[in-house]
Amino acid sequence: MMGPKSISVRLFYWLLGGGIFALLVGGGGLFLEVKAIIYDSLDHTLQSELEIFTGLLHVEDGDLEFEYAETVHGDYIVPRSGHYFQVYIDEIIIADSISLAGEELALSPEQLIAEDQALQIKTYRGNGPAGEPIRLMERSLVFAEHPARVIVAQSVFESEQMLRRLRNFLLLSGIPGILLIATLGQVISRKSLQPLREFSSQIDAIGEKNIETRLSAEKQYKEIGLLATAFNAMLERLKRSLQSREELLSEVSHELKTPVAVIRSHCDIYLQKERPPAEYIEALEVIRESADALGTKIRRLLAIAQTEAELMNASSLEEVDLANCLRRARVTVEPLTREPQIEIAETFEPGLQVRGNPERLIEAFANLLENAIKYNRPKGAVLIASSRQDNLALISIEDTGCGIDLQDIEKIFDRFYRGQGGNRTDSSGLGLGLVKTIIDAHKGHIEVRNRPEGGSCFSITLPLS
Amino acid sequence: MRLLLVEDEKPLAKVLKKGLEEQGFTVELSFDGEDGLFLAQNYAFDVILLDIMLPNINGLELLQTLRKSGVETPVLMVTAKREMHDKVTGLESGADDYISKPFDFPEVVARIRSAIRRSKGKPMPVVEIADLAIDTNTRVAMRAGQALGLSSKEYDYLEYLALNHQRVVSRNELLNHLYSASYDFDSNIIDVYISNLRRKVDRGFDRKLIHTLRGAGYRLADLGEKA
């Protein structure tokens with residue numbers, strides 16, 4: 001069974017692997033170092049012995065001779081003592097140690113360990129007269145025009161035994177070492193992930209009810225602190241979205257229930273007793289108005305919801321030429337200008353491109369133009385302009401109408417704004433709420449102000465692509 | 001019974017006023033919180049029907065201010081919002097009941113009547129005084145099992161006296177609770193209604209229930225006096 005990847009298991013394996021590697025390197029290193037020290041010291045001894053024995057060669061009465069006197073003592077005279085020497089001249093043994101007991105020290109090229117060209121010294125491995133492992137050092141020289149070789153050897157039996165014991169000790173102590181590392185690894189991996197577990201339980205405790213809760217980024221480990229900051233930012237975004245959903249629901253329920261209450265109350269009350277027809281007509285008229293208001297609200301809501309859903313879908317976005325969009329929006333409202341004789345003027349900066357949904361952008365601009373015509377004075381004017389400001393496209397739609405009441409100017413983009421003059425039911429326009437929804441979805445901004453010379457001016461900024 | 005309706009949705013307020021008046025209530029209408037608070041604090045009402053979403057002062061604030069200033073008139077909150085916390089806050093702030101929009105009008109009327117009765121210490125819909133029984137739901141008064149055949153206004157007088165039967169009700173109080181503030185009245189009208197009531201309620205019965213206390217007002221009670 002394969003579970004999801006676990007950081008603690010991974011951490012554990014890394015620690016275990018690292019520990020074993022460290023043990024191997026440490027143990028192996030120690031072993032090799034000890035071995036090197038032992039053989040170095042041995043080689044050093046052998047080399048000085050070589051020096052001595054070389055110095056014992058001398059010429060006497062024209063013969064080449066080896067001065068035994070100096071060497072006939074100590075380990076060299078005890079048979080198979082582990083200390084040996086042998087001297088060749090013209091490849092004939094002219095001297096050897098008593099300890100050899102007549103045996104010859106054999107050198108095989110396969111057992112060569114090291115060679116010092118300058119000193120003409122070669123080091124070999126081999127076996128002594130008792131079959132024990134020995135280390136041999138041979139010096140080749142020319143003595144009184146005769147080729148000579150001096151060989152010294154020493155048993156390494158004890159050294160090798162010591163090294164074997166050291167190796168066994170190291171290998172045996174490795175098992176508890178690995179166990180110790182495994183245990184430590186587990187503890188460390190668990191310990192180091194403990195803050196993460198605690199952090200996770202803190203996050204667990206946050207729900208829709210206590211979305212206000214923020215994780216503490218201080219007094220935390222640095223890594224968790226970063227996570228906490230990122231989480232807090234996400235919570236903030238979630239909170240805002242929840243809030244706006246909450247507000248929308250509350251607003252929608254109020255806006256929809258009120259006209260239903262009006263309709264229902266009229267029915268209830270007018271049905272309580274028989275009345276003259278005029279009273280029924282009066283009631284039905286109110287009911288019709290409320291039903292219309294309800295219908296408009298539902299239509300706006302659906303349009304906004306649909307637009308939001310559509311614009312959320314990134315595949316509906318494309319490169320849009322602003323001037324083209326504005327021109328097409330203008331075409332759709334052209335028929336409305338005839339009767340009130342309204343002039344539309346345009347000044348477009350060419351080549352402004354934004355990323356968006358052209359249909360929706362045209363709808364937004366057409367809505368604004370329709371308002372500019374509808375709330376204009378007869379023979380008035382509408383000015384559409386687009387320009388570039390840094391990396392933003394600036395679009396303005398101005399009219400010469402009566403402007404907007406200051407008390408309405410803030411609510412004008414609300415989803416359920418009823419339009420100037422209270423209950424005026426506009427049949428075609430879906431309202432400025434939809435326009436704002438579209439502009440917002442394009443990461444743009446819309447605002448309105450009254451022009452000092454009269455009329456209103458809607459300004460939109462959209463990020464250029 | 002005098003009712004204050006605070007509701008900013010004009011078509012709804014108007015039709016409710018009409019419906020409630022047809023149910024025998026005297027209705028004062030207010031379209032915003034500030035005006036509603038002023039009326040509630042300065043005039044006598046038997047019940048207040050209060051919308052929560054109001055311009056200027058919202059319904060909850062209005063209610064809290066009202067209760068702080070010692071006005072104990074029963075209040076029914078009306079709202080289209082769905083938040084439970086509004087409901088809880090409303091009831092905790094001293095509302096007596098809570099009605100959600102859209103509502104059933106007969107139910108609203110029943111709840112209003114119930115709130116008024118409870119505030120007068122009469123939780124049951126039928127109020128009985130001696131052998132007189134007044135059904136506040138059907139607005140029918142009976143004495144000794146016999147319907148009295150009262151007009152709507154006569155019934156209002158009798159119901160008001162019955163709900164306050166432990167005490168004397170002044171003429172002024174009757175005027176305040178049974179007539180709209182804008183009513184341009186002739187206070188003789190009270191004498192006319194009381195004398196009609198007396199004729200319908202007491203005539204032919206051996207115990208007198210409607211008493212006039214000179215200089216103080218009227219009282220509906222069985223004081224052991226012969227008719």
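Two residues count as being in contact when their heavy atoms come within 4.5 Å. With that in hand, here's a quick tour of a predicted model of chains A and B, starting with T123(A). By that yardstick, T123(A) touches D43(A), Q111(A), L112(A), I113(A), A114(A), R135(A), L136(A) and M137(A), leaving out residues up to four places away in sequence. The model as a whole scores ipTM 0.79 and pTM 0.59.

**How far to trust it**

- Chain A has a mean pLDDT of 86, with 95% of its residues at 70 or more.
- Chain B comes in at a mean pLDDT of 88, and 97% of its residues reach 70 or more.
- The stretch to watch in chain A is residues 420-429, where pLDDT stays under 50. The model still gives that stretch 15 contacts beyond four places in sequence.
- Where pLDDT is low, the predicted coordinates shouldn't be read in detail.
- Within chain B, confidence bottoms out in helix α4 (residues 84-92), at a mean of 76. It peaks in β1(B), at 95.

**The two chains in outline**

- Chain A has seven helices and 15 strands, and 40% of its 465 residues are buried.
- Chain B has eight helices and 11 strands, and 51% of its 227 residues are buried.
- Take the contacts in chain A between residues at least 6 apart in sequence: 62% of them join residues at least 24 apart. For chain B, the corresponding share is 57%.
- Chain A exposes about 27200 Å², with carbon and sulfur atoms supplying 57% of that.
- Chain B exposes about 10000 Å², and there carbon and sulfur atoms supply 49%.

**β6 of chain A and the loop before it**

- T123(A), the residue we opened with, sits in strand β6 (residues 121-127) of chain A.
- T123(A) has a relative accessible area of 7%, so it counts as buried, the cut-off being under 20%.
- Q120(A) belongs to the loop between β5 (112-116) and β6 of chain A.
- At 41% relative accessibility, Q120(A) is partly exposed, because that category runs between the 20% and 50% cut-offs.
- Setting aside neighbours within four places in sequence, Q120(A) is in contact with E138(A), R139(A) and S140(A).
- Q120(A) and L141(A) are 21 residues apart in sequence, yet their C-alpha atoms are 7.3 Å apart in space.

**Helix α6 of chain A**

- α6(A) covers residues 358-374, which is 17 residues. Its first and last C-alpha atoms are 24 Å apart, close to the 24 Å expected at 1.5 Å a residue.
- This helix is mostly covered, with 14 of its 17 residues buried.
- N357(A) caps the N-terminal end of α6(A), placing a side-chain oxygen 3.0 Å from the backbone nitrogen of E359(A).

**Helix α1 of chain B**

- α1(B) runs over residues 10-22, so at 1.5 Å a residue its 13 residues should span 18 Å. The end C-alpha atoms are indeed 18 Å apart.
- Its buried residues are L12(B), A13(B), V15(B), L16(B), G19(B) and L20(B).
- What covers those buried residues? The cover includes α3 (222-270) of chain A, along with β1 (2-6), β2 (26-30), β3 (47-51) and α5 (105-119) of chain B.
- After α1(B) comes G24(B), with a positive phi near 95 degrees.

**Backbone oddities**

- Most residues other than glycine have a negative phi, and most peptide bonds are trans.
- K443(A) has a positive phi near 60 degrees, and is not a glycine. It lies in the loop between α7 (432-441) and β14 (445-450) of chain A, and is exposed at 72% relative accessible area.
- R139(B), another non-glycine residue, has a positive phi near 55 degrees. It's found in the loop between β7 (132-135) and β8 (140-143) of chain B, and is buried at 18% relative accessible area.
- The peptide bond joining K101(B) and P102(B) is cis, with omega about -10 degrees. P102(B) lies in the loop between β5 (97-100) and α5 of chain B.

**Cysteines**

- How many disulfides are there over all chains? The count comes to zero, going by cysteine sulfur atoms within 2.5 Å.
- C325(A) is buried at 2% relative accessibility, and C457(A) is buried at 1%.

Methods
Residues numbered from 1 in each chain as written. Chains lettered and ligands numbered in written order. Predicted model: local features only at pLDDT ≥ 70, side-chain atom pairs only at ≥ 80, totals over all residues. Heavy atoms only, no water. Buried < 20%, exposed > 50% of the residue type's maximum accessible area, 1.4 Å probe, protein only. pLDDT = per-residue confidence, 0-100. Helix = DSSP H or I, 4+ residues; strand = E, 2+ residues; numbered from the N terminus. Areas by Shrake-Rupley, 256 points an atom, 1.4 Å probe, with all protein chains shown as cover. Expected span 1.5 Å × (residues − 1). Polar contact = N/O pair within 3.5 Å; in protein donor to acceptor, adjacent residues only side chain to side chain.
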